[in-house]
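Here's a quick tour for anyone opening this one up for the first time. Take a look at the sequence and the model, then read on.

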Protein chains: 4
Amino acid sequence: MIANENPVGASQFPGVPRDEEDDYSFRASSDRREFITAQTGTRLEHVSHHSVDPQTTRGNIENFCGVAQVPMGLAGPMHVRGEHAQGHFYVPMATTEGTLVASYNRGMRLTREAGGIIVTVADDAMQRAPVFVFADAQQAKVFSLWLKTSFDDIRAAAEATTTVGKLRDIEHYAAARFLYLRFNFSTGDAAGQNMCSKATQAACGWILAHSPVPVVRFSLSGNMDTDKKPSHINMLHTRGKRVIAECTVPDALLRKIVGIDAKSLYSRRIMSMTGAFMAGSMNNGAHAANGITATFIATGQDVANVAESCVGMAVGELTEAGDYYFSITLPSLIVASYGGGTGLATQRECLEMMGCYGQGKVRKLAEIIGATVLAGELSLAAAVATGDWVSSHEKYGRNRP
Amino acid sequence: MIANENPVGASQFPGVPRDEEDDYSFRASSDRREFITAQTGTRLEHVSHHSVDPQTTRGNIENFCGVAQVPMGLAGPMHVRGEHAQGHFYVPMATTEGTLVASYNRGMRLTREAGGIIVTVADDAMQRAPVFVFADAQQAKVFSLWLKTSFDDIRAAAEATTTVGKLRDIEHYAAARFLYLRFNFSTGDAAGQNMCSKATQAACGWILAHSPVPVVRFSLSGNMDTDKKPSHINMLHTRGKRVIAECTVPDALLRKIVGIDAKSLYSRRIMSMTGAFMAGSMNNGAHAANGITATFIATGQDVANVAESCVGMAVGELTEAGDYYFSITLPSLIVASYGGGTGLATQRECLEMMGCYGQGKVRKLAEIIGATVLAGELSLAAAVATGDWVSSHEKYGRNRP
Amino acid sequence: MIANENPVGASQFPGVPRDEEDDYSFRASSDRREFITAQTGTRLEHVSHHSVDPQTTRGNIENFCGVAQVPMGLAGPMHVRGEHAQGHFYVPMATTEGTLVASYNRGMRLTREAGGIIVTVADDAMQRAPVFVFADAQQAKVFSLWLKTSFDDIRAAAEATTTVGKLRDIEHYAAARFLYLRFNFSTGDAAGQNMCSKATQAACGWILAHSPVPVVRFSLSGNMDTDKKPSHINMLHTRGKRVIAECTVPDALLRKIVGIDAKSLYSRRIMSMTGAFMAGSMNNGAHAANGITATFIATGQDVANVAESCVGMAVGELTEAGDYYFSITLPSLIVASYGGGTGLATQRECLEMMGCYGQGKVRKLAEIIGATVLAGELSLAAAVATGDWVSSHEKYGRNRP
Amino acid sequence: MIANENPVGASQFPGVPRDEEDDYSFRASSDRREFITAQTGTRLEHVSHHSVDPQTTRGNIENFCGVAQVPMGLAGPMHVRGEHAQGHFYVPMATTEGTLVASYNRGMRLTREAGGIIVTVADDAMQRAPVFVFADAQQAKVFSLWLKTSFDDIRAAAEATTTVGKLRDIEHYAAARFLYLRFNFSTGDAAGQNMCSKATQAACGWILAHSPVPVVRFSLSGNMDTDKKPSHINMLHTRGKRVIAECTVPDALLRKIVGIDAKSLYSRRIMSMTGAFMAGSMNNGAHAANGITATFIATGQDVANVAESCVGMAVGELTEAGDYYFSITLPSLIVASYGGGTGLATQRECLEMMGCYGQGKVRKLAEIIGATVLAGELSLAAAVATGDWVSSHEKYGRNRP
């Protein structure tokens, strides 16, 4: 029975304690846990158990009270043949879904014996998408044309706010008397959302000051970025990295390792693609979100970006030789090797074990995660096809008989 | 410089060590960390620091090597007026995105002073969606009609595999010579994906044995569930819980707490809705994924379900009195209060502090998460509107000047 | 130079003349053409040339002034193996796009020699989708549950307005404090949109009078029908007829008639499916709208329903024998063999030449149109593959060199 | 009873007769009608009644056998304030749906009294979208980068095939080892699909001859145009004309002419927008397809393009003064004032009465159709709101009591 089930007045429910002097001290953290115990009767013992120094979480969390301990498993070695990641990697995956690590591990073995996974970062851009409102669409059109001629000034205003971000281009989308813009930036090794917000805000300041037509309303976000939301615009135009992972697996190898032939596996793609198309799904593959989420938690990514990162296009083909070409395209995989949560205690260790921490490493990390997803797609597709799917979860999962 | 950058032969890259006797011992975990150090030169010190007993992670992870320590903050109190969650709650949020907890906390204050958040679980169903292939669509039609008359037998076969799951109905979707079915189950306090897989597999066994027309091919998944993928079918037909959170915030309160009036806030909805519609976004709100992900990590949910759970529909209206009615509908929020990762060390504590651990608690948890999302939507929308958005990230975020 | 380019005042621009006594007389029609000549300087000579009696257009048009003469061509014979259409048919197609009839004709030959086209009407339903608004979503939930228990009364109220329409079921979709309903009717041989509107209005009258909770607002259309709009909900749940057309074409026949082998044709499907998926297209086939529009104009359908009817799912597979199975699923093909424009002069002749005019013929017509679409898909796919596409338009099209 | 219901052998079903010497003679047309009578027992009397000279249909139809007579009505005057169409216009609408002309006419009166409809052609482009396949995505990336540096040569190759078409830019979309390109052309006063096909084919010829990496497969269409299909890519990037029509209607005028106040009308938009979003609809307005189809048939457009043209975004706002701003954006309205069916007998008359026939008139026509759609949206929205919708169809429609 907990106290908050019986509200008598708001005064009964004080705010979470803050320490004005140093809110990231062990003391402040401990005070908050004790507060929770007092209010709810629950002791946060495990939450209090951590090696990360609260001081290092400044900028990553407010009202720090401890940590979630998310179990981590190791998969690999995975053979990656990217432009940045080349060689064999062990991949840390943090999850609570039984079978997941085992399944990805199996896919890594399969692709490793097939000669490795080719990975390509086909595009790279982060956005902020403001919207400008005018008296009517004719005014919006004048504005739009003017904007295209003012790109150099706008870029200068944007880039004055950052040493890393570069404004690549601005997309224009007209609807009603609204003009939506999408500012595309390169953001170095950071995911870069805040960098883009700040730079776009500055650019919009310049625009608002110089617009040849009156701007009736303005918002820094018109919901066309589409931040933390899966969307067709990002499927088309990339958000973060556009990663394509590919592998051609010999028929004999499929039979040996996952117990199914190339033709059978392939014949199932048409059912999966048609089902996904009819369902209005944003991904016609199997379970990209699993591999992405587990590596995101492990490596300190902003895990809420799974919303965008889970979008994908799976393509299978039977080669002339009867082998199975398979690929997954992740058009909006958002990753960082620097900034955000990447420097925290366990997160940094996980990046370092793949040689992915710090500057100049973000594309390498993107390639490794893309390859991981591919391994998992092949493994699950085979499991579904052979009927191992349910029995594996019986064996490895939590709900064992 | 790490070893795996210079592959010489596959033999150089041994598999991750396993302990055949007891793979969930501290020893097995330690062996794996040492293996990683030997292979990559990286020491996993922080990863090794945990209070969760490896033995308790069996069924949640394979190749356990430690934990990800994800910083946790506290938001609240949040006033929830659900059918199951009634009262004031403190919400644990695990994230590495600075500003997030502070922003949700602000939204909780706003909605608390507005009288609380009404939350409704409008629907509840988990799916597995097999596909059957026939000689032609006419055969598929015969099969489809037969199936409808055989529902009782099919249900019996499905429910024989579970003490909890109940088969509610089966949706039929015809395309080409494929018939896609969607088995809708209620799954008690578990998320229930594996329960559904097993029950559907048994049901399909019965179907395959009794079908009046030959089944040419069959797959337990035709990609219309759509597991770990955002989709229109789930937006329409619910996956997990369909949660609707609502709050009417007085104009004066908005001005006082978030510095903007109801009318201005409202006028921005039309831009956000139009932008989201044009972008082909699966959510026309602001950032539901943030609140969902942070509470999912804290409470031991399958975080990869953010892929489905992030879908949403935001609706704002100006009341006759000039106040702001706002709601968010999450049609595919997948949560559990039992099974999966909910019983792990920190995860259980976080559920318990909200009175949400164990049987009979899943809808209460769904309501609290739905309310949390609502609080965050209002706070961010106001921040964007007033221009606080960028400055807040400057203040709280990692990339401080 | 026409008069209306120089507006001086609204008084200059009188309304189109109407004859209060008999607005469907030849005189009234003639008066309107003369009015146009007076106002714009344009003589409507060809428009005046028609054999349809203006009196028979009452209920199909207002301000009748003549006709559009749309060129009509004949394709066929097409071999249809439907449940209702069985045998060989000549298909009238009204269009102004050169090459179209020739291309469909070629596809009809191909499928005829392949043994004919199997067609199935997999589902059949027409909708009206009202929306009810409540104080909050909890009230909406109470209403939704009550509605399910009141189905018999609601059906009685709906069916009291029509001798043909039958209310099959009501779908419920909850969002915010709105409850959207979709009333699914069978409508005999009419397309039935107006029949559904009237019956649903009556049903909603009953509902509003008996609702156990107050209805705050109500609209007869909440935009979930989705009338005259392509949508995922109709792709999933059928609007009008769900028609599936299929044909297995021998490899040798493909080579002989369209100059391409089965394997090459098949390998292109994966590119078309992936492109359509990425583009967010509502049809992953080639050009279903062409065949649908041309037969719709010829047979007096409501041509604006091309908006819904053009949606489709194309599926190709290579058989064990190396032949090409191909199908197209049209989930929202809206057709009538009775009512609307079907009884008009040329329109009725076109229906009669296929044995499709009048009662009991609508599914036969749906099957013929579905088969026509399939023939066109195969022909165009082959033309694109062999490079004949551009050269054919050079030969048959308007823009000849 | 018609002959083709009793197939005995394919030989029984001869092909439609053709006249090798002159297939567009009255004789050839007559022969075909007699053939149909002989085969099916149906006489095509009305079909034979036309004033269009069969010879003039060459390039628009094959196997010509007469015409469909589609009833035409007149709506207007409509006050248009476009960039190209300025003044009052009478609009010819060919349809068989009773009420349609009356409803549009009412909307034209409403907007005329409100001061006219502002229309803007915000963008203008026609596409062909080929796809290139490579050994892997890394090769595709090399190709993509090379292509960007070769734009001038590619444009030269494309434009060598046409005196009108201009290649504006090429969009790149990468997925798997496929690279999809979208060639955007301006096409003068023609709709231009065939012009684009021919030019893109020539451009691809140059590309294939010069590519620095081997092209494994190639198709002139990768289904990303998306020709004759509604899609998000065209909603975002325009196909044909991107037309925005707007009108601010005074509250008093709404009450007077359509019997509803601005606020009530506005409050319904949120329900329509939310319903359309949840349904996965490609248009969140009311019935754009109606006005588009009726004007398309009248003016000789390729009516199958209703598939793309029906897509739309409706936006309503309440002004400070309490009036109703409403707009509709049609992102893929495909029209021509020259070529195709525009020069045929009745079609040309209809274009001429609006001053829209021939060169330099296509944007004017696009604006008039856009304004027409807007008028219809307002009229139907008001009819639904006031309950006139069903009663109007009772009064004007075919299914009168």
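What follows covers symmetry, aromatic rings, charges over rings and cysteines.

This is a predicted model, so to speak of local features pLDDT has to be at least 70, side-chain atom pairs count only at pLDDT 80 or more, and totals for chains, interfaces and linings use all residues. Residues are numbered from 1 along each chain as its sequence is written, chains are lettered from A and ligands numbered from 1 in the order in which they are written, and side-chain values use heavy atoms, with hydrogens and water left out.

**How the copies sit together**
- Turn chain A by 180 degrees, with 0.0 Å of shift along the axis, and it lands on chain D with an RMSD of 0.0 Å (a least-squares fit on the C-alpha atoms of residues with pLDDT of at least 70 in both copies).
- The two copies are therefore related as by a two-fold rotation axis.
- In chain A, the C-alpha nearest that axis belongs to A:His232, at 3.5 Å.
- Of the interface residues of chain A, 100% are interface residues in chain D too, so the copies meet through the same surface (contact means heavy atoms within 4.5 Å).

**Aromatic rings**
- Over all chains there are 37 aromatic pairs (rings of Phe, Tyr and Trp, the last by its six-membered ring, with centres within 6.5 Å; planes under 30 degrees apart are stacked, over 60 edge-to-face, the rest tilted).
- One of them is the tilted pair B:Phe132 and B:Phe218, 5.0 Å centre to centre with 45 degrees between the planes.
- B:Phe132 lies in strand S4 (residues 131-133) of chain B and B:Phe218 in strand S7 (residues 217-219) of chain B, so the pair ties together parts 86 residues apart in sequence (strands are DSSP runs of E, at least two residues, numbered from the N terminus).
- B:Phe132 is buried at 0% relative accessible area, while B:Phe218 is partly exposed at 23% (buried is under 20%, exposed over 50%, partly exposed in between, with a 1.4 Å probe and protein chains only).
- In chain A, ring pairs join A:Phe132, A:Phe134, A:Phe143, A:Trp146, A:Trp206 and A:Phe218 into a cluster.

**Charges over rings**
- B:Arg177 lies over the face of C:Tyr325, 3.6 Å from the ring centre (CZ of Arg or NZ of Lys within 6 Å of the centre and within 35 degrees of the ring normal).
- C:Arg177 lies over the face of B:Tyr325, also at 3.6 Å from the ring centre.

**Cysteines**
- The disulfide count over all chains is 0 (the cut-off is two cysteine sulfur atoms within 2.5 Å).
- For A:Cys204, the closest cysteine sulfur is in A:Cys196, 12 Å away and too far for a bond.

Methods: Helix = DSSP H or I, 4+ residues; strand = E, 2+ residues; numbered from the N terminus.
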